[in-house]
Amino acid sequence: MPFSTSLARGVAPTAPGTLHARTVTGDLRIPPSPGRTVRFGRGERPDVDLEVGVDDLRVSRRHGELTFRQDRWWLRNTGRQLVRLPRGRWMHTTTEPVPLTTGYTPLFVKGSGYREHLVELYVADYDDQGPVSRRRADTLRPQTWALDDDERLLLVVLGQRYLLYEEDPRPLTYSMAARQLVHLHPDGNWNERRIEYRIEAVRRRLHGTGFKYALMHDRSEERPSDNSLLHNLLKGLVESTTLVPPDLVLLDDAPDGPDETPAGQP
């Protein structure tokens, strides 16, 4: 396979458990063997097996390692800077080792400023058949969730900053949303209490349906907060394209954008 090809495209058939790893400066393939350890970082051989961030002094000479044990590859951060995994998970040197799943895993070594250095990992599985072209296959639709007209209007009002793809969006407060909804639908009987009731009903309905983020309280730990749950709801609906920017047309008759502080902000 050409070196320029990302491991995200798959790997050639190899023994199950084989670790494939790649950075912009090199790649390697390591068969599974109990106790085998692969090290990566800014250093050079024999200190590391895979170089990453070689021009960035914020990257440690030995920044991380992968060890095969209990029939799995385990990732550990050994560097001064954080390592970021998919789904926004961060690893510090004090973080317990994390087992890799089979298939593709990108990880990012935090460097200077906003720089992050990519380390691509791929653990071969029993059914890996190598890269397969799927150019002619039908595109899989994202999973979306059904909303009635009132729910869609309410969620677009609350989540308009998310639909504008702002960098750090937050929901509108219920009081501000109520004022906009009364302006849009004077006969809709919208108020803060009704908004709270409708949002909780949507959260309960979508909870347990495969929704990406938590929608209900974890009673054992008493978290997250209601505002965090609303943030999760809006974020998941926008990411899944259940809510899309054209939905903002529902606000065409609304007053000019609010100056009120978003919910949960001081």
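**Group meeting talk: salt bridges and strand 5**

Hi everyone, let me start with one residue: arginine 152, which is partly exposed, with a relative accessible area of 22%. Before I go on, please keep in mind that this is a predicted model.

So what does arginine 152 meet in a salt bridge? Its partner is aspartate 247, and the N to O distance is 3.1 Å. Arginine 152 belongs to helix 1, while aspartate 247 sits in the segment after helix 5 (226-239), so this pair links distant parts of the chain, 95 residues apart. The aspartate 247 end is buried, at 12% relative accessibility. If you wonder about the cut-off, buried means under 20% relative accessible area, and that is why arginine 152, at 22%, counts as partly exposed.

Right beside aspartate 247 in sequence is leucine 248, also in the segment after helix 5. Its C-alpha atom is 9.0 Å from that of leucine 153, and these two leucines are 95 residues apart along the chain. Which residues does leucine 248 contact, once we leave aside neighbours within four places in sequence? They are Val156, Gln160, Leu163 and Leu164.

Let's stay with charges for a moment. As a general point, side chains of opposite charge can pair when their charged atoms come close. In this model the count of salt bridges is 16. Another one joins arginine 198 and aspartate 148, at 3.2 Å from N to O. Arginine 198 is in helix 4 (residues 192-206) and aspartate 148 is in the loop between strand 11 (116-123) and helix 1 (149-158), so the pair ties together parts that are 50 residues apart in sequence. Arginine 198 counts as buried, at 13% relative accessibility, whereas aspartate 148 is partly exposed, at 35%.

That pair also belongs to something with more members: a network of salt bridges links Asp148, Asp150, Glu151, Arg194, Arg198 and Arg205. One of them, arginine 194, has a second role to look at, since its charged end sits over the ring of tryptophan 190, 4.1 Å from the ring centre.

Now please turn to strand 5. Is strand 5 largely enclosed or open? Five of its six residues, 64-69, are buried, so the rest of the structure largely encloses it. Strand 5 has partners to look at, too. With strand 3 (residues 37-41) it pairs in the antiparallel sense over four bridges, and with strand 6 (residues 72-77) it pairs, again antiparallel, over six bridges. Glycine 64 is a handy landmark here: it stands opposite phenylalanine 40 and also opposite asparagine 77 in strand 6.

The next residue along, glutamate 65, forms a salt bridge with arginine 39, with the closest N and O atoms 3.8 Å apart. Glutamate 65 lies in strand 5 and arginine 39 in strand 3, so this pair ties together parts that are 26 residues apart in sequence. Glutamate 65 is buried, at 14% relative accessible area, and arginine 39 is partly exposed, at 30%.

At the other end of strand 5, arginine 69 lies over the face of tryptophan 74, 4.3 Å from the ring centre. Just after arginine 69 comes the turn: the hairpin of strand 5 and strand 6 has two residues between the strands, and glutamine 70 takes a positive phi near 55° there.

One last item: the model has two aromatic pairs by count. Thanks for listening!

How values were computed:
Residues are numbered from 1 along each chain as its sequence is written. This is a predicted model: local features need pLDDT of at least 70, side-chain atom pairs count only at pLDDT 80 or more; totals for chains, interfaces and linings use all residues. Side-chain values use heavy atoms; hydrogens and water are left out. Buried means under 20% relative accessible area, exposed over 50%, partly exposed in between (1.4 Å probe, protein chains only). Two strands pair if DSSP finds at least two bridges between them. A salt bridge is a side-chain nitrogen of Lys or Arg within 4 Å of a carboxyl oxygen of Asp or Glu. Contact means heavy atoms within 4.5 Å. Rings of Phe, Tyr and Trp (its six-membered ring) pair if their centres lie within 6.5 Å; planes under 30 degrees apart count as stacked, over 60 as edge-to-face and the rest as tilted. A charge sits over a ring if NZ of Lys or CZ of Arg is within 6 Å of the ring centre and within 35 degrees of the ring normal.
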